[in-house]
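Let's take a walk through this structure together, one piece at a time. Keep the viewer open and follow along as we go.

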2 protein chains.
Amino acid sequence: MTTPLAAKIAREFGTPAAVIDMDRVERNIARVQAACDAAGVANRPHIKTHKSPELAKLQIEAGARGITCQKLGEAEVMAEAGIDDILISYNLLGDEKMARLGALRSRIDVTIAADNPVVVAELTKAAAVAGRALPVVVECDTGRKRAGVETAAEAIELARVISTSPGLSFAGFMLYPTESGWPQAQAFFDEALAGVRALVLEPAIVSTGGSPNLKNLGQLRGATEHRPGTYIYNDRMQMAAGVATLDDCALHIYSTVVSRAAPERGILDAGSKTLTADSGGLDGFGLILEHPEAKIARFAEEHGFLDLSRSNTRPNIGDVVRIVPNHVCVVVNMLDEVVMVRGEEIVGVLPVAARGKLR
Amino acid sequence: MTTPLAAKIAREFGTPAAVIDMDRVERNIARVQAACDAAGVANRPHIKTHKSPELAKLQIEAGARGITCQKLGEAEVMAEAGIDDILISYNLLGDEKMARLGALRSRIDVTIAADNPVVVAELTKAAAVAGRALPVVVECDTGRKRAGVETAAEAIELARVISTSPGLSFAGFMLYPTESGWPQAQAFFDEALAGVRALVLEPAIVSTGGSPNLKNLGQLRGATEHRPGTYIYNDRMQMAAGVATLDDCALHIYSTVVSRAAPERGILDAGSKTLTADSGGLDGFGLILEHPEAKIARFAEEHGFLDLSRSNTRPNIGDVVRIVPNHVCVVVNMLDEVVMVRGEEIVGVLPVAARGKLR
């Protein structure tokens, strides 16, 4: 079964194609902005999910304070498009990056994260290039074991180093609590806050992160802003986390069934170079709306292996199906463009302008 | 520890960066061409690995008969660059693709694979657009359970359908045996060959596939050509398959250690948006040359999680390390360009021109 819209997409663009429903995008933006407003924290959406300045501007128009970027290259694309308040939530190192960061800071409001004194020393070079103060937040690890200082004592010491480094200003704390780790994050933050206040420092920014953490919004006393990313599109992971329904999923991959070599098997023209091997810890690599019991069992680079053994409905060769990805952020990063629709109408094509900005 | 070349790459390009050693690339091309020559089969390298016309031309200059593409968009990029003999090893469907395939066929030698009569019926439309015969090979599944007809009887019947379809010509068989499945492939092929000969059809092309199958080169009696892809760069999967050594690995991801929040942990600035979540079934997501006992344990989108617990040597923050990817084909697809070096010299930048050609 192929819906009329899917047939139209296949005819005009071919498959695989990424299609975003702009009504759902706008609804997702409005809902999360309202939740941030209600919780009394600013919204600073992470653009790693959509990588499109046009969508970042919709988020800002809806009330977001600014945006978050994970890579300097993403921030440059967003600044070029006119966005002027960006948090880069990542340790940056190296002369090449410091020159670019300094140039960016000379033009717009940039805040940067750091979790160690080597990075802080580097950042002074960017501040020198910028010719104005560079605000730095201390990244704190509150259970995720990724980046971030591990103790409040380290956070306090790093804040002190930042505040005494030429050209840098201490801007606050950045946390990314696990979904169950908010009490732990509170204890960490409270201790760090007391420590920096003893140094006569005040955090202007206390930032929490994550779309799955939208259910914890406002739980950290003292938080000033939140950095959700995936909520603009949502995906199976957000559904599993309980922060989105199927109707909130705004991006679908349209894919053609190109082979049905056996009754219980099929092949999609979307493989790991479209949907990626990132399972997000879920069973199967996406939900097929037309055949929800079919399992995308595994991938070759350009083949999606359909296991139809438990599916009562089975696609025919040539059917164009719609897939909700497991992890939409990594899928968008495979795409040069997404097709925008409203209801059954194609309304435009949006470049994924910051796609592949690795550095 | 950062090598002088790594320092230079970081200074000029920043990290993460993909670096290819052109001496190794040329050596890999020459070695596999010589192996094909010795086995008496033509070489038709699969360009899905490198996606660069310049490298495809090196393969052809070294003696390759033509190239293989998995996507029509890849073939268009290669044809635009002047390559005129392309096998598209994939079932194509839909009016949009048939128009493009027909236009391509009107200009160059294109052979296309099919594993079912629905696709064959579609292909007649492309032939009509081209205004000349479109050669079609029958894709045969000899154990991989991907695309491909499952029995010789189906292969014979599909060959008959192709040969009687307007504008199409039967060109032969395409197989992709598993590494241990060559006797099975031989039996399949022998039966199919006898069957098509009874229809007075003769396969001009009998194509086998896969770099891991280079160790089986020439084992299929009647094979006319082989389609290896990964051999141009190699990776940990090819090493595990026993067809490459560490010195044959020509592409490395250069990545900076940006955090060392605890003694046994570190963070690389290359995550799943650079190295991809495709583990290739191996332990860890890449081999770090400077710290071979360190494990890239998992990824966030832009973070590589280093487990240093079993490594006697541990990197410092700011070190630039060189990583052999598990599966180089999917990593190249994340990149807009690769940096070319010879020994310690940077000799150029090569665009990954067919990157992201999903359709």
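What follows is a tour of the sheets, the helices packed on them, the contact between chains and a few backbone oddities. One thing to keep in mind throughout: this is a predicted model.

Start with the sheet in chain A. It is an open sheet of 8 strands, paired in parallel, and the order reads β2-β9-β8-β7-β6-β5-β4-β3. At the edges you'll find β2 (42–43) and β3 (67–69) of chain A, and since each has a single partner strand, one side of each is left without a neighbour in the sheet. For a look at one pairing inside this sheet, go to β4 (residues 85–88) and β5 (residues 109–114) of chain A, which run parallel and are joined by 4 bridges. There, D85(A) sits opposite D109(A) of β5(A). Now bring in helix α6 (residues 117–130) of chain A: it lies across β5, β6 (134–140) and β7 (168–175) of that chain, at about 160° to β6(A).

Over in chain B, there is an open sheet of 8 strands as well, with parallel pairing and the order β2-β9-β8-β7-β6-β5-β4-β3. Its edge strands are β2 (42–43) and β3 (67–69) of chain B, each of which pairs on one side only. Here, try the pair β8 (residues 205–209) and β9 (residues 225–227) of chain B, parallel and held by 3 bridges; G209(B) faces R227(B) of β9(B). Helix α6 (residues 117–130) of chain B crosses β5 (109–114), β6 (134–140) and β7 (168–175) of chain B, and its direction makes about 160° with β6(B).

While you're at β8 and β9 of chain B, check the loop between them, where G222(B) is found. Is G222(B) buried or exposed? It counts as exposed, because G222(B) has 12 C-beta neighbours inside 10 Å. Even so, leaving aside neighbours within four places in sequence, G222(B) is in contact with F189(B), L193(B) and V206(B). F189(B) is 33 residues away from G222(B) along the chain, yet their C-alpha atoms are separated by 8.5 Å.

Back in chain A, there's another set of strands to look at. β1 (residues 17–21) and β16 (residues 337–342) of chain A run parallel, with 3 bridges between them. β16(A) is also joined to β17 (residues 345–351) of chain A, this time antiparallel and through 6 bridges. V339(A) lets you see both pairings: its bridge partners are V19(A) and V349(A) in β17(A). The hairpin of β16(A) and β17(A) has 2 residues between the strands, and in it G343(A) takes a positive phi near 60°.

Next, the packing. The largest nonpolar core has 235 residues, and the members that touch the most others are M78(A), I88(A), V136(A), M78(B), I88(B) and V136(B). Take I88(A): beyond four places in sequence, its contacts are C69(A), L72(A), A75(A), V110(A), I112(A) and A113(A).

Helix α3 (residues 53–61) of chain B is a nice case of a one-sided helix. Its buried residues are P53(B), L55(B), A56(B), Q59(B) and I60(B). Why do they end up on the same side of α3(B)? They cover an arc of only 160° around the axis, so that is where they are placed. The cover over them includes α2 (22–39), β3 and α4 (72–80) of chain B. Just past α3(B), G63(B) has a positive phi of about 130°.

How do the chains meet? 55 residues of chain A are in contact with 56 residues of chain B. On the chain A side, α1 (4–13), α5 (95–107), β10 (251–259), β11 (265–268) and α10 (328–332) each supply at least two residues. By class, that side has 20 nonpolar, 16 polar and 19 charged residues.

Finally, some backbone details. The peptide bond between T15(A) and P16(A) is cis, with omega about -5°, and P16(A) is in the loop between α1 and β1 of chain A. In chain B, the bond from T15(B) to P16(B) is cis too, with omega near -5°. N234(A) is not a glycine, but its phi is positive, near 65°; with 27 C-beta neighbours inside 10 Å, N234(A) counts as buried.

How values were computed: Residues numbered from 1 in each chain as written. Chains lettered and ligands numbered in written order. Predicted model: local features only at pLDDT ≥ 70, side-chain atom pairs only at ≥ 80, totals over all residues. Contact = placed C-beta atoms within 7 Å. Nonpolar A, V, L, I, M, F, W, Y, C, P; charged D, E, K, R; others polar. Pairing = 2+ DSSP bridges. Axes fitted to C-alpha atoms, helices over the stretch in contact; angles between N-to-C directions. Core = buried A, V, L, I, M, F, W, Y, C linked by C-beta atoms within 7 Å. Buried ≥ 20, exposed ≤ 12 C-beta atoms within 10 Å, placed from the backbone. Arc of directions from axis to C-beta.
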